[in-house]
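User: Please go through this model with me. I would like to start with confidence, then aromatic rings, then the pocket.

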Amino acid sequence: MLLKRSQINASIELAMKTFREYGISLPGFAYWTVDDWKNKGHEADEIRDCMLGWDVTDFGQGDFTKIGRTLFTLRNGSLRRSGYDKSYAEKLILDPEGQRSPAHFHRTKMEDIINRAGGNILVQLTKANASNERSNEHFTIKVDGVVRDMAPGDIVRLEPGQGVCIPPRTIHQFWGEDGTGLTVSGEVSSLCDDHADNCFLEPSARFPEIDEDEPRRYFLCHEYPAVSQDAALETVSVGAL
């Protein structure tokens, strides 16, 4: 089953509402509609090229309420396009109870997952072995700078304000704890390259195929249109003033 555009639209608007209720402000481009993008020229290239903005996916699993993510990327660099030298990234994530991404690790990215507001987040962690599978290795991680000893598959509970540092090659899944309500997590990391740095333990598609069952209200970060000729001319005119 394909991810429906209606689910994407509803998830983005739920995230907007939840962030607002928790006092988390988004930048203006979070609210740009499809019509707004028709008038955006090269001044918005960093948003396009670094894949900032809304990211809603079911990872090709066909069960968005269980395996899915609604994220907003605030900042990032790029290894694929020149001129974007940021070595760091930041995201906000809506965490409904029980919804998670597939188990995965990053080859090079180090990230902190921080509970920004709402309920609790459960983070399950295991080290990856040389064959990119779950290891039997015991390891340590840090929660708010404090070392914890971990066995494979152990779960860290993050209450609001707490955060865990996840080093590269650490398999992880995290989700909102049942009975605690909607949660907003933040991700602060080294540069995020979703095309090459993710290693999923089961077949997954980072960006979904979409059933266009209703009109698109917002572009996802991998859907931005190219700059139209009119918008490009407007950008040149404004820059010349």
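User: What pLDDT does the protein average?
Analyst: This is a predicted model, in which local features need pLDDT of at least 70, side-chain atom pairs count only at pLDDT 80 or more, and totals for chains, interfaces and linings use all residues. Residues are numbered from 1 along each chain as its sequence is written, and side-chain values use heavy atoms, with hydrogens and water left out. pLDDT is the predictor's confidence in each residue, from 0 to 100. A score of at least 70 is reached by 95% of the residues, and the protein averages a pLDDT of 94.

User: Over which residues is the pLDDT below 50?
Analyst: Where pLDDT is low, the predicted coordinates should not be read in detail. The stretch has three contacts (heavy atoms within 4.5 Å) beyond near neighbours in sequence. It covers residues 235-241.

User: How do W54 and F72 pair: stacked, tilted or edge-to-face?
Analyst: Rings of Phe, Tyr and Trp (its six-membered ring) pair if their centres lie within 6.5 Å; planes under 30 degrees apart count as stacked, over 60 as edge-to-face and the rest as tilted. The centres of W54 and F72 are 4.8 Å apart and the planes are at 65 degrees, so the pair is edge-to-face.

User: Which residues lie nearest the centre of the largest pocket?
Analyst: A pocket is an open set of points on a 1 Å grid over the protein atoms alone, where a 1.4 Å probe fits, with protein on both sides within 12 Å along at least five of seven lines; lining residues have an atom within 4 Å of a point. Here the lining has 23 residues. Nearest the centre are D49, C50, M51, R80 and H195.
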